[in-house]
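Here are my notes on the model you sent, set out as numbered points. Please read them with the structure open beside you.

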Amino acid sequence: MSEQKSPQDVNTQKTESPENHKRRDYLHWDDYFMATSLLSAKRSKDPVTQVGACIVDSQNRIVAIGYNGFPRNCSDDEFPWSKAQKGTQDFNPLEDKKMYVVHAEANAILNSNGMRLTGTRLYTTLFPCNECAKLIIQVGISQVLYLSDKYAEKPTYRASKRMLDAVGVAYKRHVPQQKKIIIDFENFLEEDPNSSLGLNDLHLK
Ligand SMILES: [Zn+2]
């Protein structure tokens, strides 16, 4: 004899169906913003260090993103991507990328288009250097979340912490809840709705 389901059972069953629930493996805010920073870092042309940063307001809206690169219209092919080695015969301080690169955090701040950044959070893949810390403090960013602090012992980064500590800008290492996020275009390549519109000829530099 089969069991008869009461209306309550039916309701319970409906509530528990997978379609009726929110996804459980969705991306959490901090992972989302750090992943955005990492994605932004992919834009960097620096062969050694790629850094990305993302500024978020109190309502979890992305206000700006940035990555390390040369100032606008300073050619990636003409300016140096290497470090000038002191003590070598052809040492030339003008051939050092440090002279020209705008850091990811600075670029994110500059990309915010004049918006008030007071009380915002900055997500960055690498702990901010002293120069970026100055900017972070001056625009009123109140919290820094970072993935790596691998240069912590260098004076540049100790000076950075000294300033952030002095003015009470909080910073903490972000420990991702999700170990891996894969962005896969594969599924979207099967259809090609743009082919007839000529959009495939568009190239973004
Ligand atoms: Zn910096």
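Which residues have the most contacts inside the largest nonpolar core?

1. The model is a predicted one, and every remark below should be read in that light. The largest nonpolar core has 30 residues, and those with the most contacts inside it are Ala53, Cys54, Ala108, Leu122 and Tyr123. The elements H2, E1, E2, H3, E3, helix H4 (130-139) and E4 each supply at least two residues of this core.

2. Ala108 is a useful residue from which to look around this core. Not counting residues up to four places away in sequence, Ala108 touches Ala53, Cys54 and Ile55, as well as Ala64, Ile65, Gly66 and Leu122.

3. The strands form an open sheet of 5 with mixed pairing, in the order E2-E1-E3-E4-E5. Its edge strands, which pair on one side only, are E2 and strand E5 (170-173), and neighbouring strands of the sheet are turned by 15° against each other on average when direction is ignored. Within the sheet, E1 and E3 run antiparallel and are joined by 4 bridges; Cys54 has Tyr123 in E3 as its bridge partner, and both of these residues are among those with the most contacts inside the core.

4. Helix H2 (residues 29-41) deserves a careful look. With 13 residues at 1.5 Å a residue, H2 should span 18 Å, and its end C-alpha atoms are indeed 18 Å apart, so the expected and modelled lengths agree. The buried residues of H2 are Phe33, Met34, Ser37, Ser40 and Ala41. Seen down the axis of H2, these buried residues fall within an arc of 115°, and they therefore line one face of the helix.

5. Against what does that face of H2 pack? The buried residues of H2 pack against strand E1 (52-56), strand E2 (62-67), strand E3 (121-126) and strand E4 (143-148), and also against helix H3 (104-110). The helix lies across E1, E2, E3 and E4, and H2 runs at about 140° to E1.

6. Helix H5 (residues 155-167) passes the corresponding length check: its 13 residues, at 1.5 Å each, should span 18 Å, and its end C-alpha atoms are 18 Å apart, which agrees. The residue that follows H5 is Gly168, whose phi is positive, near 80°.

7. Is Val139, in helix H4, buried or exposed? Neither word fits, because 17 other C-beta atoms lie within 10 Å of Val139, and it is therefore classed as partly exposed. Leaving aside its neighbours within four places in sequence, Val139 is in contact with Ile109 and Leu117. The C-alpha atoms of Val139 and Gly119, which are 20 residues apart along the chain, are separated by 9.1 Å.

8. Two asparagines merit a check of their backbone angles. Most residues other than glycine have a negative phi. Asn60, however, which is placed in the loop between E1 and E2, has a positive phi near 60°, and Asn73, in the loop between E2 and H3, has a positive phi of about 70°. Asn60 counts as exposed because it has 11 C-beta neighbours inside 10 Å, and Asn73 is likewise exposed, with 5 other C-beta atoms within 10 Å.

How values were computed: Residues are numbered from 1 along each chain as its sequence is written. This is a predicted model: local features need pLDDT of at least 70, side-chain atom pairs count only at pLDDT 80 or more; totals for chains, interfaces and linings use all residues. The expected span of a helix is 1.5 Å times one less than its number of residues. A residue is buried if 20 or more other C-beta atoms lie within 10 Å of its own, exposed if 12 or fewer, and partly exposed in between; C-beta atoms are placed from the backbone. The arc is that of the directions from the helix axis to the C-beta atoms. Two residues are in contact if their C-beta atoms, placed from the backbone, lie within 7 Å. A nonpolar core is a set of buried Ala, Val, Leu, Ile, Met, Phe, Trp, Tyr and Cys residues joined through C-beta atoms within 7 Å. Two strands pair if DSSP finds at least two bridges between them. Axes are lines fitted to C-alpha atoms, for helices over the stretch in contact, and angles run from 0 to 180 degrees between N-to-C directions.
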